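Ready for a few short exercises at the structure viewer? Try each task by yourself before you read the worked solution.

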Amino acid sequence: MQRTKFGEMACSIARTLDVIGEPWSPLILRDVWVGMTRFDQLQADLGISRKVLTERLAHLVDQGVLERRPYDRRPRYEYHLTAKGAELVDLLMVMAGWGDRWLAGAAA
């Protein structure tokens, strides 16, 4: 089944979904925002497969939401929000507020 290309729609909501609409992306952005900037930190916190995390990080970097910065002589990188990505945190906070109001309950 072919995935719908939201980025080609003439709608800002659809285009935003093209950037962060995949379910892991907002969680990755949340973790980077709170200071988890290294691949292994993100992978451990989210329990996401390395393959999926690699794909999601590459997509967010390609979209200009995250930037990669080397932190070791080996090819290892930290991920940081760009100005574009930092603005998405406001959207994440709105989502968190909505979830707190309408979905919060006892932890599972």
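**Exercise 1. Classify D31 as buried or exposed, then find its salt-bridge partner.**

Solution. This is a predicted model, so keep that in mind throughout.

Step 1: D31 has a relative accessible area of 1%. The cut-off for buried is under 20%, so D31 is buried.

Step 2: Look for a basic side chain beside it. Side chains of opposite charge can pair when their charged atoms come close. Here the partner is R30, whose side chain meets that of D31 in a salt bridge at 3.0 Å, N to O.

Step 3: Check the partner's surroundings. R30 has 36% relative accessibility, so R30 counts as partly exposed.

**Exercise 2. Work out which residues are linked with R30 in a network of salt bridges.**

Solution.

Step 1: Begin with the pair from Exercise 1, R30 and D31.

Step 2: Add D45, which forms a salt bridge with R30, the closest N and O atoms being 3.5 Å apart. This pair connects distant parts of the chain, with R30 in helix α2 and D45 in helix α3, 15 residues apart. D45 is partly exposed, at a relative accessible area of 38%.

Step 3: Put the pieces together: R30, D31 and D45 form a network of salt bridges.

**Exercise 3. Find the salt bridge that R50 makes and say which helices it links.**

Solution.

Step 1: The side chain of R50 meets that of D40 in a salt bridge of 3.3 Å, N to O.

Step 2: Place the two ends: R50 lies in helix α4 (residues 50-62) and D40 in helix α3, 10 residues apart.

Step 3: Classify them. R50 is partly exposed at 47% relative accessibility, and D40 is partly exposed at 44%.

Step 4: For the wider picture, the structure holds 8 salt bridges.

**Exercise 4. Describe where L29 sits and what it touches.**

Solution.

Step 1: L29 belongs to helix α2, and a relative accessible area of 1% makes L29 buried.

Step 2: List the contacts, leaving aside neighbours within four places in sequence: I20, L60, V65, L66, L81, L88 and L92.

Step 3: Take one of these, L66, and compare sequence with space. L29 and L66 are 37 residues apart in sequence, while their C-alpha atoms are 8.4 Å apart.

**Exercise 5. Trace how the loop residue T37 and the strand residue E78 meet.**

Solution.

Step 1: Locate both. T37 is in the loop between α2 (24-33) and α3 (39-46), whereas E78 is in strand β2 (residues 77-81).

Step 2: Compare each value with the cut-off of under 20% for buried. T37 is buried at 11% relative accessible area, and E78 is buried at 17%.

Step 3: Read the contacts of T37, not counting residues up to four places away: V32, Y77, E78, Y79 and H80. Seen from the other side, E78 contacts T37, R38, E67, R68, R69 and Y71, again without neighbours within four places.

Step 4: Pick out a polar contact: the side chains of E78 and R38 are joined by one at 3.1 Å.

**Exercise 6. Summarise the whole chain: how many helices and strands are there, and in which pattern?**

Solution.

Step 1: Count 5 helices and 2 strands, which follow the pattern α-α-α-α-β-β-α along the sequence.

Step 2: Add the burial figure: of the 108 residues, 29% count as buried.

Step 3: Finish with the charges. The mean positions of the 15 positive and 14 negative charges are 4 Å apart.

How values were computed
Residues are numbered from 1 along each chain as its sequence is written. This is a predicted model: local features need pLDDT of at least 70, side-chain atom pairs count only at pLDDT 80 or more; totals for chains, interfaces and linings use all residues. Side-chain values use heavy atoms; hydrogens and water are left out. Helices (H or I, at least four residues) and strands (E, at least two) are DSSP runs, numbered from the N terminus. Buried means under 20% relative accessible area, exposed over 50%, partly exposed in between (1.4 Å probe, protein chains only). Lys and Arg count as positive and Asp and Glu as negative; His and the chain ends are not counted. The place of a charge is taken as NZ of Lys, CZ of Arg, CG of Asp or CD of Glu. Contact means heavy atoms within 4.5 Å. A polar contact is a pair of N or O atoms within 3.5 Å; within protein, one must be able to donate a hydrogen and the other to accept it, and residues adjacent in sequence count only if both atoms are side-chain atoms. A salt bridge is a side-chain nitrogen of Lys or Arg within 4 Å of a carboxyl oxygen of Asp or Glu.
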